[in-house]
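Colleague: I'd like a close look at a single part of this model, and then how the rest fits around it. Start wherever you like and take your time.

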Amino acid sequence: MKGFKTLDFSDEEVDAIFGILSSILWLGNLQFNANNEDYAVLPNQPALTNFCNLMGLTPQMVKTALTSITIRVNMRSSAKLKPFDLNKARESRDALAKALYAGLFDWLVFKLNKQLQAKDGGRDQTFIGVLDIYGFEDFRPKNKPGMTHRRSSSNMTPDAIGKDDKIPKNSLEQFLINFANEKLHQQFTHHMFQSEQDEYEKEGVKWDKVQWTDNSGCLSLIDKMITFFKDKMKMPKVTDVEIVKQMTKEYEKKNMYWEKPAMSDGVDAIGIVHYAGRIIYNCESWIDKNGDNIGDDILNLMHSSSNKVVATFYPKDPPPPTEESSTPRGLQPKSPRGGHSVFKSFEEQSKPAARPQPKQTAANQAAKLSVCEKFRNDLERLVKVLASSEKHYCRCLKPNDEKSPKMFTSVKVMQQLRCNGVFETVKLRKEGYSQRMMFNSFEDKFWVCLRNDQNGKEGLTNFLEQLIPGGCPSLWTVGIQKIFLRDKAMEMLQIENKRAWGQKTVKAQSFIRSYFWSSYYFQKREGSIRLQSVARRILAQKHWAIACHRVTLLQNRIRSYYAMLELRRAESSVVIERYIRSFYAKCELLELRRKWEEKLSCVISLQSLVRRIRCMDKLYVLQEEERKRKEEEERRRREEEERKRREEEERQRREEEERRRREEEERIRREEEERKRREEEERKRREEEE
């Protein structure tokens with residue numbers, strides 16, 4: 001319910017969905033009786049009442065639609081009801097249930113696509129699709145070693161016959177699923193091999209073509225069988241066995257993919273050699289499954305339903321097919337009347353699916369597509385969409401038929417690997433070039449290894465010749481617009497790219513470290529100079545203040561002296577004594593001030609000396625750090641030179657060993673040639689002697 005609310009389903013639509021599902025269940029519980037003429041009769045029963053209430057129909061309408069068929073004669077307006085027997089009535093009931101369920105499925109997919117489609121709703125927008133390829137189905141039991149599941153019917157007991165009737169068989173569903181698997185496998189092989197070879201030829205690369213298994217003959221046989229089956233279905237009172245006999249007569253000796261089954265497989269059995277092996281199909285009820293069991297009476301019955309959702313399943317006036325519908329791009333829901341899912345555009349999904357009109361002429365009835373034809377057409381459209389998209393494949397293997405864990409059947413796994421084209425793919429990759437890049441992409445990825453003149457086809461060719469010497473010409477090749485590389489050549493390129501990046505990284509680190517320590521040194525030096533200038537300025541200010549104070553004292557004493565001389569002349573002795581006492585007091589005061597100033601000067605000098613010592617200590621520390629840094633750089637430089645010297649010695653040693661090895665190989669080769677020459681001379685000598 002939360003999902004319905006999230007996708008904006010209304011309460012009426014949710015009720016209609018559950019009502020349709022419930023009505024399908026009640027429809028399956030309907031029981032028919034036979035009257036005196038062996039015609040089917042649908043009596044009143046709770047299942048019928050509940051079905052009619054859920055679908056908004058009257059019981060009489062349901063009885064008429066399920067137990068009879070309306071026959072209309074051409075050029076006449078009159079109609080006649082033809083009653084069904086019990087089997088036909090049950091088939092009509094089952095057809096109605098299938099039509100309701102399939103119509104509900106289509107409607108739900110239509111609603112979901114409408115809610116989830118892009119807001120612009122454009123047809124040309126890109127999409128990502130996931131296609132789960134049908135698994136190759138073979139329901140018949142596999143032979144065990146030393147045993148066979150086939151037994152002669154003449155030697156079977158009644159109990160054995162009853163058991164063999166329960167043996168699973170391959171029917172029309174498996175035939176169509178395997179047909180789709182064949183078609184998609186053909187596209188896979190064409191995509192993997194043909195596109196690979198076309199690219200090599202387009203780029204002018206010389207290589208040996210890889211041969212792969214082509215299953216187009218099997219697909220051609222299946223296509224002919226579908227057309228043959230449809231044509232034979234039009235014949236009156238034709239049976240499945242008769243069609244099987246005619247197909248066997250037609251294709252047994254003319255087609256290598258047709259295989260006649262054994263008598264124990266049944267008279268309605270046919271054999272087809274698929275890419276995965278030989279499969280036996282039983283054609284029982286293929287005519288009924290391939291036909292269209294939804295009659296006009298059932299369509300009219302659904303049109304009469306008061307359920308608005310059911311009324312949209314099969315519209316009376318479907319829109320005519322357009323040209324756009326023949327080139328679908330979105331995802332199409334599964335058809336309730338045959339066929340399987342194909343890609344369909346969002347614009348096409350927003351419209352109800354086209355259904356057959358309830359009233360059709362005999363010619364229109366004969367022209368209706370069968371289930372196999374619908375499936376074939378849908379499969380063709382799917383293949384066209386896949387061909388126009390970028391594909392990525394994920395192959396899955398079935399380890400055993402018992403569905404047991406940790407058990408691998410080697411024969412089955414090898415068969416799947418062979419059928420899926422894995423061996424051819426591995427061979428193609430080993431013989432071809434797994435890595436390919438455009439010229440500009442190669443230059444962007446390995447630019448650090450290239451020189452300025454190594455660009456374009458000639459420059460890149462010279463670079464590869466220098467990196468990968470002439471002893472390995474098959475590791476790479478240059479096309480018209482791309483470079484083709486094998487895995488070993490790609491590894492060598494990666495190693496060279498890593499080495500080049502390492503060299504550039506070391507050089508960049510050296511420049512960065514040099515800039516960092518140079519900046520650090522100049523910063524410390526500038527700080528020391530500023531500190532010294534501040535210290536000198538403070539000392540000069542202090543000396544200037546002391547000099548100014550001393551000059552002031554000297555001027556004061558001189559003025560006092562001249563003043564005392566004036567007082568001696570002008571005043572009396574008392575005044576002279578008073579001045580004298582004052583003079584002595586001033587002298588004593590000056591002496592005390594002088595002593596205080598001397599102590600103050602000593603304190604200031606001591607403070608300046610302490611500050612100077614501290615500054616000198618800091619300067620010594622900075623000089624010591626600079627000396628250690630230079631020693632460390634010198635040590636690193638010597639280590640780097642020592643490492644390079646060792647690498648050069650190692651390289652020279654390896655070259656010397658390589659030279660000696662080549663000389664030894666040349667000596668051995670000459671000795672071998674000399675030995676062969678001597679043997680040849682000895683052989684000729686013996687022949688002459690003989």
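**The close look**

Modeller: Let's start with valine 478, which counts as buried at 16% relative accessibility; buried means under 20% relative accessible area, exposed means over 50%, and partly exposed is in between, with a 1.4 Å probe and protein chains only. Before going on: this is a predicted model, so local features need pLDDT of at least 70 and side-chain atom pairs count only at pLDDT 80 or more, while totals for chains, interfaces and linings use all residues. Residues are numbered from 1 along each chain as its sequence is written, and side-chain values use heavy atoms, with hydrogens and water left out.

Valine 478 belongs to strand E9, residues 476-478. Strands here are DSSP runs of E with at least two residues, helices are runs of H or I with at least four, and both are numbered from the N terminus. Setting aside neighbours within four places in sequence, valine 478 is in contact with Phe439, Lys457, Thr461 and Leu464, where contact means heavy atoms within 4.5 Å. There is also a long hop in sequence: glycine 204 is 274 residues away along the chain, yet its C-alpha is 8.8 Å from that of valine 478.

Thr461 and Leu464 take us to helix H19, where they are among the buried residues, along with Gly459, Leu460, Phe463 and Leu467. H19 runs over residues 456-467, 12 in total, and its first and last C-alpha atoms are 16 Å apart. That is close to the 16 Å expected at 1.5 Å a residue, the expected span being 1.5 Å times one less than the number of residues. An α-helix has 3.6 residues a turn, so residues three or four places apart point the same way.

E9 also comes up from another side, through tyrosine 433. That residue is in the loop between helix H17 (422-431) and strand E8 (435-438), and counts as buried with 7% relative accessibility. Beyond four places in sequence, tyrosine 433 has contacts that include Trp476 and Thr477, and also Glu196, Tyr200, Val205, Phe484 and Arg486. Its C-alpha is 10.0 Å from that of alanine 489, which is 56 residues away along the chain.

Next, helix H11, residues 296-303: six of its eight residues are buried, so the rest of the structure largely encloses it. The six are Asp297, Ile298, Leu299, Leu301, Met302 and His303. Their cover includes helix H4 (59-67), strand E3 (68-72), helix H5 (86-116) and helix H12 (308-311). Asparagine 300, also in H11, is partly exposed at 31% relative accessibility. The C-alpha atoms of asparagine 300 and methionine 61 are 9.6 Å apart, with their positions 239 residues apart in sequence.

H4, H5 and H12 turn up again around helix H2, whose buried residues pack against them and against helix H1 (2-6) and helix H3 (46-55). Those buried residues are Glu13, Val14, Ala16, Ile17, Gly19, Ile20, Ser23, Ile24 and Leu27. In the loop between H1 and H2 sits aspartate 8, with phi near 65 degrees, a positive value in a residue other than glycine. Aspartate 8 is exposed at 54% relative accessible area.

For a helix pair, take H8 (residues 216-233) and H15 (residues 371-387): their axes come within 9 Å and cross at roughly 145 degrees. Axes are lines fitted to C-alpha atoms, for helices over the stretch in contact, with angles from 0 to 180 degrees between N-to-C directions. H8 contributes Asp223, Ile226, Thr227 and Lys230, and H15 contributes Cys372, Glu373 and Arg376. By type, that contact has two nonpolar, one polar and four charged residues; Ala, Val, Leu, Ile, Met, Phe, Trp, Tyr, Cys and Pro count as nonpolar, Asp, Glu, Lys and Arg as charged, and the others, Gly among them, as polar.

Zooming out, the chain has 21 helices and 10 strands, and buried residues make up 31% of its 690 residues. Of the contacts between residues at least 6 apart in sequence, 66% join residues at least 24 apart. The accessible surface comes to about 46300 Å², with 55% of that belonging to carbon and sulfur atoms; areas come from the Shrake-Rupley method with a 1.4 Å probe, and for residues only the protein chains shown count as cover.
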